[in-house]
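Good morning, and thank you for the opportunity to speak. Please keep the sequence and the structure in view while I go through some individual residues and the spaces around them.

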Amino acid sequence: GAKVGLRTSTQDNGEGSFSNDAALAVMNLQHHMPHQWDVALEARVLSAEDLGSETAIVASAYRHVGQHVKVGLGYNFGRFSDDLSDVSYNDEGVFLNIVGKF
């Protein structure tokens, strides 16, 4: 899978306006394993005016719980998330993800 995100914004810091645009591109590879397990690997590229250009890898494993839920644990090897409104750039580390599917 793949996704692309764009953010266009202008902010006023009290001394004048400045642009804070960003673009995100994500490539995702998922594989369904035996015994209700999925593994995923994601490559991300973020280009932001306040950060420059940066890449990240995200790896995760998910266990299906019944027909409608899967629970995953993963690690983000980059400083940024796929949420373009998050400009803290402190997102490296372990995450837990719960997905409902219908």
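Is Ser60 buried or exposed? In this predicted model, Ser60 has a relative accessible area of 11%. That value is under 20%, so Ser60 counts as buried. Ser60 belongs to strand 6, which covers residues 52–65. Setting aside residues up to four places away in sequence, Ser60 touches Asp38, Val39, Ala40, Leu73, Gly74 and Phe95.

Ser60 also leads us to the largest pocket. Which residues lie nearest the centre of that pocket? They are Glu42, Ser60, Tyr62, Phe95 and Asn97, and the lining as a whole has 17 residues. Strand 4, strand 5, strand 6, strand 7 and strand 8 are the elements that each give two or more residues to this lining. By class, the lining of the largest pocket divides into seven nonpolar, five polar and five charged residues. The volume of the largest pocket is about 300 Å³.

Tyr62, one of the residues nearest the pocket centre, has a charged partner. The charged end of Lys70 sits over the ring of Tyr62, at 5.1 Å from the ring centre. Lys70 appears again in the surroundings of Val65, for Val65 touches Lys70 and Val71 when residues up to four places away in sequence are not counted. Val65 lies in strand 6. With a relative accessible area of 47%, Val65 is partly exposed, because this value falls between 20% and 50%.

From Val65 we may cross to Gln36. These two residues are 29 residues apart along the chain, and their C-alpha atoms are separated by 8.0 Å. Where is Gln36 found? Gln36 is in the loop between strand 4 and strand 5. Gln36 is partly exposed, at a relative accessible area of 40%. His35 is placed in the loop between strand 4, residues 22–33, and strand 5, residues 37–48. His35 has a relative accessible area of 68%, which is over 50%, so His35 counts as exposed.

The backbone angles in this loop deserve a remark. Most residues other than glycine have a negative phi. His35, however, has a phi near 65°, a positive value in a residue other than glycine. Gln36 likewise is not a glycine, and its phi is positive at about 70°.

Let me now turn from the pocket to enclosed space. How many cavities of 30 Å³ or more are there? The count comes to one. The largest cavity has a volume of about 40 Å³. Its lining consists of Arg7, Ala22, Leu46, Phe80, Ser81, Asp83, Leu84, Asp86 and Tyr89. Sorted by class, the lining of this cavity has five nonpolar residues, one polar residue and three charged residues.

Among these lining residues, I should like to examine Phe80. Phe80 lies in the loop between strand 7, residues 69–76, and strand 8, residues 93–100. Although it is in a loop, Phe80 is buried, with a relative accessible area of 1%. What is Phe80 in contact with, leaving aside its neighbours within four places in sequence? The residues are Leu24, Arg44, Val45, Leu46, Glu54, Thr55, Ala56, Tyr89 and Asp91. Thr55, one of these contacts, is 25 residues from Phe80 in sequence, with a C-alpha to C-alpha distance of 8.7 Å.

Arg7, which also lines the largest cavity, takes us to Asn20. Leaving aside neighbours within four places in sequence, Asn20 is in contact with Arg7, Ser9, Gln11, Glu49, Asp50 and Val87. Asn20 is placed in the loop between strand 3, residues 17–19, and strand 4. At 6% relative accessibility, Asn20 counts as buried. Asn20 and Glu92 are 72 residues apart along the chain, and their C-alpha atoms are separated by 22 Å.

My last topic is aromatic rings. The structure holds one aromatic pair. The ring centres of Tyr75 and Phe77 are 4.7 Å apart and their planes meet at 55°. Why is this pair called tilted? An angle of 55° is neither under 30 degrees, as a stacked pair requires, nor over 60, as an edge-to-face pair requires, and therefore the pair is tilted. Tyr75 itself is partly exposed, at 28% relative accessibility.

Thank you for your attention.

How values were computed. Residues numbered from 1 in each chain as written. Predicted model: local features only at pLDDT ≥ 70, side-chain atom pairs only at ≥ 80, totals over all residues. Heavy atoms only, no water. Helix = DSSP H or I, 4+ residues; strand = E, 2+ residues; numbered from the N terminus. Buried < 20%, exposed > 50% of the residue type's maximum accessible area, 1.4 Å probe, protein only. Contact = heavy atoms within 4.5 Å. 1 Å grid on protein atoms, 1.4 Å probe; cavity = no way out; pocket = protein on both sides within 12 Å on 5 of 7 lines; lining within 4 Å. Points joined across faces, edges and corners; volume = space filled by probe spheres on them. Nonpolar A, V, L, I, M, F, W, Y, C, P; charged D, E, K, R; others polar. Phe/Tyr/Trp six-rings, centres within 6.5 Å; stacked < 30°, edge-to-face > 60°. Lys NZ or Arg CZ within 6 Å of the ring centre and 35° of its normal.
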